[in-house]
Amino acid sequence: MITFENFSFRYEERDEFTLRDINLTVQTGELILLTGRSGCGKTTLIRSLNGLIPHFYPGEIKGNISLDGQSLLELKPSELAGKVGTVFQNPRSQFFMTDTTRELAFGCENMGFSREKTIDRIVKSVTDLRLSDYLNRSIFDLSSGEKQQIAVGSVYALLPKVYIFDEPSANLDYDATKRLAEIMKHLKQDGYTILVVEHRFYYLKELLDWAFLIQEGGIKQEFTREQFCRIPDEMRISYGLRTVYPERDAREYKAKSNVRESGSVLKVEGLSFAYRKEPDILRNINFEACEGDVIGILGHNGAGKTTLLSIMTGLLKEKSGAVYYNGKKLSPRQRRNLSYLVMQDTDYQLFASSVEEELSLGIKEDCAEKVTETLDALELNAYRECHPASLSGGQKQRVTIGAAIVKDSPVIYFDEPTSGLDYDSMVRVSRLIEQLASAGVIIFVVSHDFEFITRTCSEVLQLDGQDSIKNQVLTPEILLSISKQYFE
Amino acid sequence: MEENIKKLIIQKQFKRTAALDPRCKAALLILIGCVSYFLNGEVVSLILVVTLALFIAIGNGVRWAVKMLVFYIIVAYLNALLRYVSIPVLSVIMSVFGVTILKLVPIAMMGIWTLRTTHMDDLMVSLQRMRLPQSVTIPLVVMFRYIPTLRIEYRMICNTMDIRGISDTFWKRIIHSISTVEYILVPLLMRCLKVTDELAASGTTRGLELEEKRYALNHVRFSWPEYAVTILGIAFLAALLFLDYTSIGEIIIWRA
């Protein structure tokens, strides 16, 4: 049993309390969902549970947290290691070891277990979570879904009583999310207590016992599963929550008609690609996009979405086929000049020392006026002089989109623009894309986010399909078939 | 089923010389580094590189050994060619540059091979057995873990630079070399900060800071093969240093 008693926390470097007067009791064996807008204090709440607060992130504490009667505040994070296990959001940066077997062993080795005990624990973790296919692999060769499973396995080997998941599905595709839900179900059946912080919580709807809505550092409301699944839409949106039933969006989809029939056309014919000595990743891809189209690129992890983006943005050269813009065949270099890519990890894309400088970087002509206009349009004017690295995730993303606008790219690609975003930020990205599209930009979006796809895209390109792959105008029927594939 | 999994877990991935204790590899690395700098003779340097290549080839590193050996021979040959070019200043600079690369080859060869053939947990155990405090071992291990990531991050940053059109041609990189370095370093450092922070949090919640005695999946011991290799290595390097002072050190093999 976990109890928070009048718990408040303030980070050392902040003036205000991030968590205020939290009173919360979690019974052993329950699955709890913590949700709410970005920055509401969800992550802080779980940090205080796994001991990172106050030892890793120092600050001021009021009240108490206890696990089975023992106060957690007196324990160091390392002493908590065998009791509370945490799976973090980013599968890439939570691996300490470079191969999977040793990653599974990492916790046990830290605890000073003998070699035989460590091996037994790995065996248990591998058999219970069905990880045997991933043993002895380099972590750099795993997909994010596989990495996330190993991360769970590594925590599982320590046999903690409480599991914490911090936005575990943010980087996963639908299949991997299903697998994650299965693992959680398994853990729940075995009587472990599970706390999940999540924006896209649809996969938990059959597993959760309680859902807590957190707002401005306090628990605003608590729901049972039935209540949570039945929150009316207006109320849900006012709380900034995603939907529990993304598949229902498919039925209500209204086709977005693209009025523009003229204008520039980007056309791809018979595109295929393979890395050296490996089988084809992409085969016979054909599509045509006009100004104002928003095309969703869908497919499971490893279907070649990122590779397709790399080819389209001119970073890779196609094996066969061609890309035409207004009837003219493009070389990789010409494609590079034509396009802009907004990456999932925006840290890679920010080079300058201020937001203003960032937008004008790499542009020869005088663009001061355009920069100001763009900053206004993206509500970034207040941050003009700020260092890009000091901004929040969503703001950083808008800066990179801003750079694309100033560069005047006729084609913009987005790679997973909504991973880890709450409802409001997702809607904001969606609106921004609509605005860009109506200004005549051709837009491609790689996404796993069904809610976002239904809201934003006018056409889809499904890379999972067989043989010749073409773009399709999005219709309720197509959405329905995608939703079946994703959610059933 | 369980037996198979157990077999997979304890399966030795590195064989023969690659399975030596990390302490032994580190000692050899340091010794080779020093000796490589003091050797002047062309024959003895070549003997060092060839022997090292054999040593690495035995331990899961055939391709790497061949690659570095070929690289060494090409650079040595090109360096010899420099004698026939006489541009004032530039010739001297190029020659110094060439010799430095030749001296670095054995170190890079041994260093990167060590990096590739050492399990992180073996490394952590052997560092602990050397009685190094955690404040030294943890940063070392994080660094060890971060090096392979660095290459991936670097490639990502170069890709985005290409798309943004900043320093996207060889020419621009030469002309604006300082800003190019800045454009690479800024995101790299930002990523580095973020990743190390997340890594540390993930490690801490799994008990990284506990000072228990560790046991790795492999048996980590400094036993007779390690002693033998270290002693043989020292003897071999001493012999090379000695040969360098004899007339063998003066033989010139690289001529055009």
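In this predicted model, the buried residues of helix α4 of chain B are B:Ala65, B:Met68, B:Leu69, B:Tyr72 and B:Ala76. These residues lie on the same side of α4(B), because the arc they cover around the axis is only 105°. The spacing behind such a pattern is general: an α-helix has 3.6 residues a turn, so residues three or four places apart point the same way. The buried residues of α4(B) pack against two other helices of chain B, α3 (42–58) and α5 (90–116). On the face turned away from this buried side, α4(B) carries the exposed residues B:Arg63, B:Val70, B:Ile74 and B:Leu81.

The length of the helix can be checked as well. Helix α4(B) covers residues 62–81, and at 1.5 Å a residue its 20 residues should span 28 Å; the C-alpha atoms at its ends are 29 Å apart, which agrees.

Chain A is built from 18 helices and 20 strands. Its radius of gyration is 24 Å, close to the 23 Å that the globule rule gives for 488 residues, so chain A is as compact as a globular protein of that length. Measured out along the principal axes, its C-alpha trace spans about 70 × 50 × 45 Å. Of the 488 residues of chain A, 49% count as buried. Contacts within chain A reach across the sequence: among those between residues at least 6 apart, 70% join residues at least 24 apart.

The two chains meet where 54 residues of chain A are in contact with 47 residues of chain B. On the chain A side, the elements that give two or more residues are the helices α3 (77–80), α4 (100–110), α5 (115–129) and α12 (332–338), together with strand β16 (339–342). By class, this side of chain A has 27 nonpolar, 22 polar and five charged residues.

Strand β16(A), one of the elements on that side, is covered on both faces. A:Ser339 and A:Leu341 are buried on one side, and A:Tyr340 and A:Val342 are buried on the other. The strand is joined by four bridges to β17 (residues 411–415) of chain A, and the two run parallel. Within this pairing, A:Leu341 of β16(A) stands opposite A:Tyr413 in β17(A). Strand β16(A) thus appears in two settings: it gives residues to the side of chain A that touches chain B, and it is bridged to β17(A) within its own chain.

Note on methods. Residues are numbered from 1 along each chain as its sequence is written. Chains are lettered from A and ligands numbered from 1 in the order in which they are written. This is a predicted model: local features need pLDDT of at least 70, side-chain atom pairs count only at pLDDT 80 or more; totals for chains, interfaces and linings use all residues. Two residues are in contact if their C-beta atoms, placed from the backbone, lie within 7 Å. Ala, Val, Leu, Ile, Met, Phe, Trp, Tyr, Cys and Pro count as nonpolar, Asp, Glu, Lys and Arg as charged, and the others, Gly among them, as polar. A residue is buried if 20 or more other C-beta atoms lie within 10 Å of its own, exposed if 12 or fewer, and partly exposed in between; C-beta atoms are placed from the backbone. Two strands pair if DSSP finds at least two bridges between them. The expected span of a helix is 1.5 Å times one less than its number of residues. The arc is that of the directions from the helix axis to the C-beta atoms. The radius of gyration is taken over C-alpha atoms; the globule rule is 2.2 Å times the number of residues to the power 0.38.
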